[in-house]
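Work through the exercises below with the sequence and the model in view. Try each task before reading its solution.

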Amino acid sequence: MNKPGGINPSARKGILVTGVIGEDVHVTGIRILEHALRKAGFIVHSLGIHNSQEDFINAAIETNADAIMISSLAGHAQLLVEGFRDKCIEAGLEDILLYIGGQLVIHAEDWDNIEKSFKDLGFDRVYKPFVLPEPVIADLENDLGLP
């Protein structure tokens, strides 16, 4: 298990598990982010598309990940990630960072309410559609306590 506030010492910058949750097949956004994360010095374990909560959790355990980064563009992300933080805690991943981004809801709402609903579900960072990789990487470096 990872130490709170620190990264896995065997990683260059940190170990990440990335992927698309549910039946969503939209992979372009997460692939762009994965490329940028690798270029920034992170070790990225990409699960690709069609992943369950358990797929992310099992991969995080197997790789001793510092963060899980979930993408969803189908608009049903809230249903797909309900209870995810609790499952992480049950699996011994109480300190893992959880990030989510994409087209998280179908209908347009106030972003502050959308962000709050995902943070209430236990996500550390929630990103609007079309976010560029740079702010995500900066947040990740900050959250992992990297210089």
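**Exercise 1. The largest pocket**

How do the residues of the lining of the largest pocket divide into nonpolar, polar and charged?

Solution. The model is a predicted one.
- Step 1: start with the space itself, which comes to about 440 Å³ in the largest pocket.
- Step 2: collect the lining, which has 22 residues. Those nearest the centre of the pocket are G29, I30, G102, F130 and V131.
- Step 3: find the elements that contribute two or more lining residues, namely α1 (28-39), β3 (67-72), β4 (97-102) and α6 (133-143).
- Step 4: sort the lining by type, which gives 15 nonpolar residues, six polar and one charged.

**Exercise 2. Strand β1**

Determine whether the two faces of β1 are covered or open, and find the strands that pair with β1.

Solution.
- Step 1: β1 spans residues 15-20, and six of its six residues are buried. Buried here means a relative accessible area under 20%.
- Step 2: separate the two sides. I15, V17 and G19 lie on one, L16, T18 and V20 on the other, and both faces are covered.
- Step 3: look at β2 (residues 43-46), which is joined to β1 by four bridges in the parallel sense. T18 has S46 as its bridge partner in that strand.
- Step 4: follow the chain from β1 to β2; it passes through α1, and this β-α-β crossover is right-handed.
- Step 5: turn to β3, which runs parallel to β1 and is joined to it by five bridges. Here A67 of β3 stands opposite L16.

**Exercise 3. The largest nonpolar core**

Which residues of the largest nonpolar core touch the most other members, and which element gives the largest share?

Solution.
- Step 1: recall the general tendency: in soluble globular proteins, nonpolar side chains tend to be buried together.
- Step 2: in this model the largest nonpolar core has 25 residues, and I68, I70, F84, I100, F118 and F123 touch the most other members.
- Step 3: list the elements that each supply at least two residues of this core: β1, α2 (53-63), β3, α3 (77-81), α4 (84-90), β4 and α5 (111-120).
- Step 4: pick out α2, whose four residues are the largest share.

**Exercise 4. Residue L73**

Is L73 buried, partly exposed or exposed?

Solution.
- Step 1: locate L73 in the loop between β3 and α3.
- Step 2: its relative accessible area is 35%, so L73 is partly exposed, the class between under 20% and over 50%.
- Step 3: check a residue distant in sequence. V105 is 32 residues from L73 along the chain, and their C-alpha atoms are 8.2 Å apart.

Conventions: Residues are numbered from 1 along each chain as its sequence is written. This is a predicted model: local features need pLDDT of at least 70, side-chain atom pairs count only at pLDDT 80 or more; totals for chains, interfaces and linings use all residues. Side-chain values use heavy atoms; hydrogens and water are left out. On a 1 Å grid over the protein atoms alone, a cavity is a set of points where a 1.4 Å probe fits but cannot get out, and a pocket is an open set with protein on both sides within 12 Å along at least five of seven lines; lining residues have an atom within 4 Å of a point. Grid points are joined across faces, edges and corners, and a volume is the space filled by probe spheres set on the points. Ala, Val, Leu, Ile, Met, Phe, Trp, Tyr, Cys and Pro count as nonpolar, Asp, Glu, Lys and Arg as charged, and the others, Gly among them, as polar. Buried means under 20% relative accessible area, exposed over 50%, partly exposed in between (1.4 Å probe, protein chains only). Two strands pair if DSSP finds at least two bridges between them. A crossover is right-handed if, with the strands pointing away from the viewer, the path from the first strand over the helix to the second runs clockwise. A nonpolar core is a set of buried Ala, Val, Leu, Ile, Met, Phe, Trp, Tyr and Cys residues joined through side-chain atoms within 4.5 Å.
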